[in-house]
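Student: Could you take me through this structure, beginning with the arrangement of its strands and then turning to one side chain?

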Amino acid sequence: MTTAERYPALGRIAQAMDRLQRELACEVLRPGDLAYEQARQVRQALADRYPLAIVRARTAAQVAQAVRFAREHDLPLAVRSGGHSISGKSMADGAVVVDLSGMDGLSIDPYDRVAVVGPGVTSGRLGWAAHEFGLALSTGDVSSVGLGGLTLGGGIGYMVRMYGLTIDHLLSAQVVTAEGEVLTASGEDHPDLFWALRGGGGNFGIVTRLEYRLQPAGTVLGGAIVLPATLAVLRGYLEWASSAPDELTTISALTHVPPMPFVPEPAHGSLAFVISFVAVGDPGQAEAMVAPLRSLDEPIGELVGPMPYPAIYQFSEEATNRSALAIRSMFACELPDAALETMIEHTARADSFMHMLQIRVLGGAMARVPEEATAFSHRDKPFMVSVLNEWHDPAQTEGQLAWTEAAWQALRGYGSGVYVNFLEDEGDDRIREAYGTETYARLAEVKRRYDPTNVFRLNQNVPPA
Ligand SMILES: Cc1cc2nc3c(=O)[nH]c(=O)nc-3n(C[C@H](O)[C@H](O)[C@H](O)COP(=O)(O)OP(=O)(O)OC[C@H]3O[C@@H](n4cnc5c(N)ncnc54)[C@H](O)[C@@H]3O)c2cc1C
């Protein structure tokens with residue numbers, strides 16, 4: 001493909017782009033620039049996209065200028081913080097991409113337990129910085145995910161039962177609007193916008209600063225226990241994890257055992273159930289909470305011990321690497337035996353340890369926040385089930401997508417709703433499913449107020465009412 005074919009708008013706006021580059025005191029990468037190729041890579045390898053320009057903004061003023069530029073020239077606008085979008089929507093063909101990965105300032109006030117971060121800060125970086133003060137933010141399960149995208153969707157991780165979602169600790173957000181205005185949204189200022197930002201994704205503006213209240217964490221008990229993948233183990237696990245004290249949050253996966261050093265070599269590659277967890281509080285007491293798991297069946301392997309909270313990310317280190325990703329996800333009120341058997345059956349058919357059927361047991365603090373307090377729906381659902389699949393070889397794409405789809409079709413009848421941050425490009429009905437009727441209508445109304453022409457549409461889009 002020639003440059004002119006790939007970037008039809010390039011000739012039309014070349015001069016304007018030169019001007020933008022001169023005016024902005026930050027990098028503006030264009031096709032052909034040395035750093036462009038690297039900068040267009042995002043976590044989702046299926047999103048092999050060629051934007052027109054990547055603006056590596058460092059300040060809200062630069063972001064505002066990039067927004068105005070895109071509007072003036074009628075160019076699509078994408079927003080990238082940590083680059084871990086599952087749909088790959090933070091990179092787009094022919095778009096102006098506002099790349100916030102360099103907006104990675106981080107400061108912590110340990111006395112007020114407040115962290116102020118740029119959207120490009122990752123969960124791992126904040127986790128380690130907060131740990132210095134015995135504090136933590138409830139974020140996700142992989143260190144490299146950006147706080148920009150994670151927070152705007154909700155943020156579900158290893159402290160969700162103890163401390164709720166990431167958004168439940170957001171105090172304020174600085175936002176660049178579609179008009180290029182810089183606002184601060186909080187409980188007092190622009191409360192409608194603040195409500196929408198907490199779960200509504202990137203629909204309402206570009207967030208350039210986030211302020212959170214941190215929670216006490218100290219040393220936690222964390223790790224993973226690998227058990228045989230039987231119906232009895234899964235049933236026992238669900239009962240145990242749902243009735244455990246809030247301090248304990250688990251994320252479990254049916255998978256073929258990866259070559260983990262704490263699993264004996266002969267078991268590598270065999271079908272198993274891996275239960276990862278974090279228990280906040282006294283590690284000695286937490287040991288007693290975890291003990292019943294080992295009586296469900298003889299563990300195949302385990303690595304459990306006191307650790308700094310962010311050390312749990314070492315168990316998902318592999319997931320920080322770029323790969324092709326296919327995900328289908330749902331919430332569920334119940335998981336009957338038939339659903340669990342279906343999960344075991346489909347995992348057994350998979351051909352690598354990069355396929356998994358994940359169960360997150362929710363509830364606790366997340367479920368105690370009233371549904372209408374934020375734009376995150378489905379707080380009442382005790383389970384989140386996801387079909388997750390990763391691969392590296394493009395020749396495998398067709399087969400891997402077929403496996404994901406087959407597992408999803410077999411399972412989807414057991415659940416409803418979806419977490420917006422686990423959506424791929426799945427169409428408007430699925431976006432509506434993420435929010436439910438009332439929240440969706442309220443989001444569309446806020447969208448009308450702050451972005452009536454849908455400038456911010458390269459996301460899980462809620463068009464203006
Ligand atoms: C390996 C992996 C593990 C994950 N694990 C978890 C998990 O445990 N828990 C969980 O909750 N989620 C998890 N996620 C999902 C993750 O939260 C979302 O993909 C999230 O959007 C990623 O944020 P990001 O900033 O890295 O992504 P980006 O790709 O940079 O952004 C994603 C989208 O968010 C919007 N956006 C990002 N930053 C801004 C901003 N500053 N202003 C306005 N809009 C913005 C844009 O619409 C953008 O398209 C995981 C994803 C991956 C790939």
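Tutor: An open sheet of seven strands runs in the order β15-β12-β14-β13-β17-β18-β16 with antiparallel pairing, where strands are DSSP E runs of at least two residues, numbered from the N terminus, and two strands pair if DSSP finds at least two bridges between them. This is a predicted model, in which local features need pLDDT of at least 70 and side-chain atom pairs count only at pLDDT 80 or more, while totals for chains, interfaces and linings use all residues. Residues are numbered from 1 along each chain as its sequence is written, and side-chain values use heavy atoms, leaving out hydrogens and water.

Student: Which are the edge strands of this sheet?

Tutor: An edge strand pairs on one side only. That description fits residues 301-308 and residues 324-332, which are β15 and β16.

Student: How many bridges join β12 and β15?

Tutor: Strand β12 covers residues 219-228, and V226 stands opposite G301 in β15. The two strands pair in the antiparallel sense, and the number of bridges is eight.

Student: Is R40 buried or exposed?

Tutor: R40 lies in the loop between α3 (36-39) and β2 (53-56). Its side chain makes polar contacts (N or O pairs within 3.5 Å, one able to donate a hydrogen and the other to accept it; residues adjacent in sequence count only if both atoms are side-chain atoms) with the side chains of E37 at 2.9 Å and Y50 at 3.1 Å. Because its relative accessibility is 4%, where buried means under 20%, exposed over 50% and partly exposed in between (1.4 Å probe, protein chains only), R40 is buried.

Technical notes. Helix = DSSP H or I, 4+ residues; strand = E, 2+ residues; numbered from the N terminus.
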